[in-house]
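Please open the structure in your viewer and keep the sequence beside it, so that each selection can be followed in both. The tour moves from one stop to the next, and each stop begins with something to select.

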Amino acid sequence: MVERTFELGSVMTLIGNMNKQWEIIHIPDKPPFPLHQQPTVKVYAAVIDPKHANTLVRKLNQILPLENLRHVKRVRKQDLNEGCINLSVILCLAGDSDSQLDIIPQEVVDLINSYNLETFITKVCKYAPLSKEEWIEQCKIWPTSYHPPT
């Protein structure tokens, strides 16, 4: 007999026998995905001046923390040619359509306007990496954090 129950947002598969004893055999954390096909979500981001990075990140974390994307780093650093660097910051989640500018919260729009930011839509990985291999693949899209199991 197989029974499914919900506990703390996870699906637990339980097996019962004649004595009504139950044993947890699997608690899925996230569905398995091939390394090169990690699920993503769209976000609004902007290239920023490195002088304003600390201030912008602090304000964005106060206004709109990325609660469901805690594994994603808010800032991406890209090395350009001749020692120049490019910093991009995640502003907020984007909708499914690339033209939904009206879903950006007003506080974020105010930051965009006050720092003259040009926004773009990009993708970040939806789930935290479970292995070093996943983390390496995810960082090719946008930097994430990886905490190996202890």
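Begin by selecting R76, which has its place in strand β5, residues 75-79; keep in mind throughout that the model is predicted. R76 is buried and yet has no salt bridge, for the nearest side chain of opposite charge, that of D79, is 11 Å away. Which residues, then, is R76 in contact with, once its neighbours within four places in sequence are left aside? Select N86, L87 and S88, then F120, and finally I141, W142 and P143, and you will have the residues that R76 contacts.

Next, select helix α3, residues 132-139, and colour its buried residues, which are E134, E137 and Q138. Seen down the axis of α3, these buried residues fall within an arc of 100 degrees, so they line one face of the helix. Add strand β7, residues 119-125, to the view, because the buried residues of α3 pack against this strand.

Stay in helix α3 and select E133, which is also found there. E133 counts as partly exposed because its relative accessibility is 47%. Now add L35, which lies 98 residues away from E133 in sequence, although the two are 7.4 Å apart in space, C-alpha to C-alpha.

Finally, colour the chain by pLDDT, whose mean is 83, with 77% of the residues reaching 70 or more. Among the elements of the chain, helix α1, residues 53-63, has the highest mean pLDDT, at 96, whereas strand β2, residues 10-16, has the lowest, at 44. Select residues 1-17, where the pLDDT is below 50, and note that this stretch has 39 contacts in the model beyond near neighbours in sequence.

How values were computed:
Residues are numbered from 1 along each chain as its sequence is written. This is a predicted model: local features need pLDDT of at least 70, side-chain atom pairs count only at pLDDT 80 or more; totals for chains, interfaces and linings use all residues. Side-chain values use heavy atoms; hydrogens and water are left out. Buried means under 20% relative accessible area, exposed over 50%, partly exposed in between (1.4 Å probe, protein chains only). Helices (H or I, at least four residues) and strands (E, at least two) are DSSP runs, numbered from the N terminus. The arc is that of the directions from the helix axis to the C-beta atoms. Contact means heavy atoms within 4.5 Å. pLDDT is the predictor's confidence in each residue, from 0 to 100. Lys and Arg count as positive and Asp and Glu as negative; His and the chain ends are not counted. A salt bridge is a side-chain nitrogen of Lys or Arg within 4 Å of a carboxyl oxygen of Asp or Glu.
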